[in-house]
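The exercises below go through one protein model step by step. Try each task on the structure before reading its solution.

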Amino acid sequence: MKKRKFGLVLTSVLAASAILGACGAKDEEKPAKENENATSGENNKEEAFSVAMVTDVGGVDDKSFNQSAWEGVQAYGKEHGLEKGEGGFDYLQSKSDADYETNLNNLIRRDFDLVYGIGFMMADAVEAIATENPDNNFALIDAEVKADNVVSVLFKEQEGAFLAGVAAAKMSKSGKIGFVGGVDIPVINRFEAGFVEGAKAVNPDIEIQKKYTGAFDKADLGKITANSMYSSGVDVIFHAAGATGNGVFSEAKERKKKDPNANVWVIGVDADQYEEGKIDDKTNVTLTSMLKGVNTAVVDISNKAKNGEFPGGQTLTYGLAEDGVKLADSRGAIPADVQAVIDEYKEKIANGEIKVPEKVKK
C-alpha cells in the first residue's frame with residue numbers, strides 16, 4: 001500500500017515538473033522572438049541612410065544651384081523609399097552666411113548620416129563643423145576642405161560655359177553679348193572665363209560686356225544689369241548669378257513682349273531654365289542653359305556613402321568628359337548648323353584637345 005501511494009506521488013511530481021518545464025520553455029521562447037524582432041528593426045534602421053543639405057542664400061527654389069542640389073537629395077530619397085524629415089531626407093535654408101554653421105549643427109543634432117553644404121561660400125562653415133564633429137560625414141559643393149570626413153565636389157564650369165559662349169557668339173546679330181555674374185569668386189570666374197573663350201573662338205571680334213552684381217539672391221540687381229546691357233545693343237546674356245539671374249529673365253521677357261521681333265536671348269545656368277524664359281506657348285527667351293550636374297553628383301555621393309564607400313578626404317571633379325556639365329536642349333532655338341559647331345567643340349574639349357582656362361586671360 002505504501003509503495004502504491006509513493007508511486008502515485010512520484011507520478012504527480014513528474015507530471016507537474018513536465019508541465020512547469022513546458023511553461024518555462026514557452027516563456028524562454030518569447031524573449032527570443034522579441035529579440036529577433038528588435039534585431040530586425042535595428043537592421044532596417046541601419047539600412048535607412050539619411051541625407052540632408054544646407055542651402056546657400058537664394059533659396060531652395062532658386063531655379064538654379066540650390067534647387068538642383070535639392071532635386072538630387074529628393075531623387076536619392078525616392079530611390080531608397082525615404083520620406084522628408086527625420087531619418088529620411090531634408091534641407092535647411094540659409095537667409096545669410098550667418099545661418100551656415102547653425103544650420104549644419106542642427107542637421108547633425110538631428111542625426112542625418114550625410115550633410116551637404118551647398119556653395120563656395122559655405123567652405124569655412126563646413127570646415128569648422130566637420131572639425132568639431134569628426135565622426136560625422138559632410139559633402140561640400142563648389143569648394144574644397146581638407147578633412148577625412150569631408151568630400152569636396154568641384155565642376156569644370158569653364159568647359160560648359162565655353163559651349164555657352166560659342167552659342168551666344170553664333171546667335172548674336174549685334175556682335176555684342178553679355179555675362180552677368182553673382183559674387184566675384186573662383187567658381188563664377190570659371191563661368192566667365194569659359195564663356196569668353198568660347199565666344200572668341202568663333203568670333204575674335206565679339207564684344208563682351210561683363211558685370212558682377214555681388215549677390216546671388218537679388219533679382220532686382222539682375223534686372224537692372226540686364227536692362228543696361230540690352231539697352232547698349234547686347235542681344236544674348238549668359239548669367240551665372242543664382243536667383244539674381246531671375247531678374248535677367250524678367251528684363252528679357254518684358255522686352256520681347258513689347259517687341260516680338262526683338263533678338264533678345266538669355267542663357268540659363270546650373271539647371272534647365274527653359275520655363276523661366278517662357279512668355280507663351282510659342283515664345284521663349286531662353287536660348288539654352290549651361291547644365292551643371294549638381295543633382296547627379298549628390299545622388300552619386302549619397303549612394304557611395306550609403307554603401308560604405310564614402311570618399312572622405314577626396315576632391316571629385318566633374319567636367320564634360322564625366323557628363324558633369326553640358327548645354328540643355330534648346331528646343332529648336334539653336335539651328336542645326338550652329339549646333340554642329342557646338343558639338344564639334346564639345347568633342348574637342350572632352351577628349352582633351354582643347355584646354356579651357358579657369359580664369360579670364362588678361
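## Exercise 1: A residue with positive phi

Lys63 is found in the loop between β1 (51–54) and α2 (65–79). The model is a predicted one.

Task: State what is unusual about the phi of Lys63, and classify its exposure.

Solution.
- Step 1. Most residues other than glycine have a negative phi.
- Step 2. Phi of Lys63 is near 60 degrees, which is a positive value in a residue other than glycine.
- Step 3. The relative accessible area of Lys63 is 34%. Partly exposed covers values between 20% and 50%, so Lys63 is partly exposed.

## Exercise 2: Another positive phi

Task: Find the place of Asp270, give its phi, and decide whether Asp270 is buried or exposed.

Solution.
- Step 1. Asp270 lies in strand β9, which covers residues 265–270.
- Step 2. Its phi is positive, at about 70 degrees, although Asp270 is not a glycine.
- Step 3. With a relative accessible area of 8%, Asp270 falls under the 20% limit and is therefore buried.

## Exercise 3: Salt bridges around Asp90

Task: Which salt bridges does Asp90 make with Lys84 and Arg110, and how exposed is each of these residues?

Solution.
- Step 1. Side chains of opposite charge can pair when their charged atoms come close.
- Step 2. A search of the whole structure gives 17 salt bridges. In one of them, the side chains of Lys84 and Asp90 meet at 3.1 Å, N to O.
- Step 3. Asp90 also forms a salt bridge with Arg110, at 2.7 Å, N to O. This pair links distant parts of the chain, since Asp90 is in strand β2 (residues 89–92) and Arg110 is in the loop between α3 (100–109) and β3 (114–118), 20 residues apart.
- Step 4. Lys84 has a relative accessible area of 51% and is exposed. Asp90, at 8%, is buried. Arg110, at 24%, is partly exposed.

## Exercise 4: A salt bridge and a network

Task: Give the N to O distance between Asp323 and Lys326, classify both residues, and name the residues joined into one network by shared salt-bridge partners.

Solution.
- Step 1. The side chains of Asp323 and Lys326 meet in a salt bridge of 4.0 Å, N to O.
- Step 2. Asp323 has a relative accessible area of 47% and is partly exposed. Lys326 is partly exposed as well, with 31%.
- Step 3. Salt bridges that share partners join Lys84, Glu86, Asp90 and Arg110 into one network.

## Exercise 5: Two packed helices

Task: How do α7 and α8 pack, and which residues make the contact?

Solution.
- Step 1. Helix α8 spans residues 245–258, and its axis is 6 Å from that of α7.
- Step 2. The packing angle is about 45 degrees. Angles under 35 degrees count as roughly parallel and 65 to 115 as roughly perpendicular, so α7 and α8 are oblique to each other.
- Step 3. The crossing of α7 past α8 is right-handed.
- Step 4. On the α7 side, the contact is made by Ala219, Gly222, Lys223, Ala226, Asn227, Tyr230 and Ser231; on the α8 side, by Asn246, Gly247, Val248, Ser250, Glu251, Ala252, Glu254 and Arg255.
- Step 5. Ser231 is in helix α7 (residues 219–231). Its side chain makes a polar contact of 2.7 Å with that of Arg255. At 51% relative accessibility, Ser231 counts as exposed.

## Exercise 6: Two buried residues

Task: Place Ser302 and Ala241 in the structure, and list what each one touches beyond four places in sequence.

Solution.
- Step 1. Ser302 is in helix α9 (residues 294–306). Its relative accessibility is 0%, so Ser302 is buried.
- Step 2. Beyond four places in sequence, Ser302 is in contact with Phe49, Val51, Tyr76, Leu114 and Tyr116. The side chains of Ser302 and Tyr116 are joined by a polar contact of 2.8 Å.
- Step 3. Ala241 is in the loop between β8 (236–240) and α8. Ala241 is also buried, with a relative accessible area of 0%.
- Step 4. Not counting residues up to four places away in sequence, Ala241 touches Val180, Gly181, Gly182, Ala215, Phe216 and Val269.
- Step 5. Ala241 and Tyr212 are 29 residues apart in sequence, and their C-alpha atoms are 8.4 Å apart in space.

Key:
Residues numbered from 1 in each chain as written. Predicted model: local features only at pLDDT ≥ 70, side-chain atom pairs only at ≥ 80, totals over all residues. Heavy atoms only, no water. Buried < 20%, exposed > 50% of the residue type's maximum accessible area, 1.4 Å probe, protein only. Helix = DSSP H or I, 4+ residues; strand = E, 2+ residues; numbered from the N terminus. Polar contact = N/O pair within 3.5 Å; in protein donor to acceptor, adjacent residues only side chain to side chain. Axes fitted to C-alpha atoms, helices over the stretch in contact; angles between N-to-C directions. Parallel < 35°, antiparallel > 145°, perpendicular 65-115°, else oblique. Left-handed = near helix turned anticlockwise from the far one by under 90°. Contact = heavy atoms within 4.5 Å.
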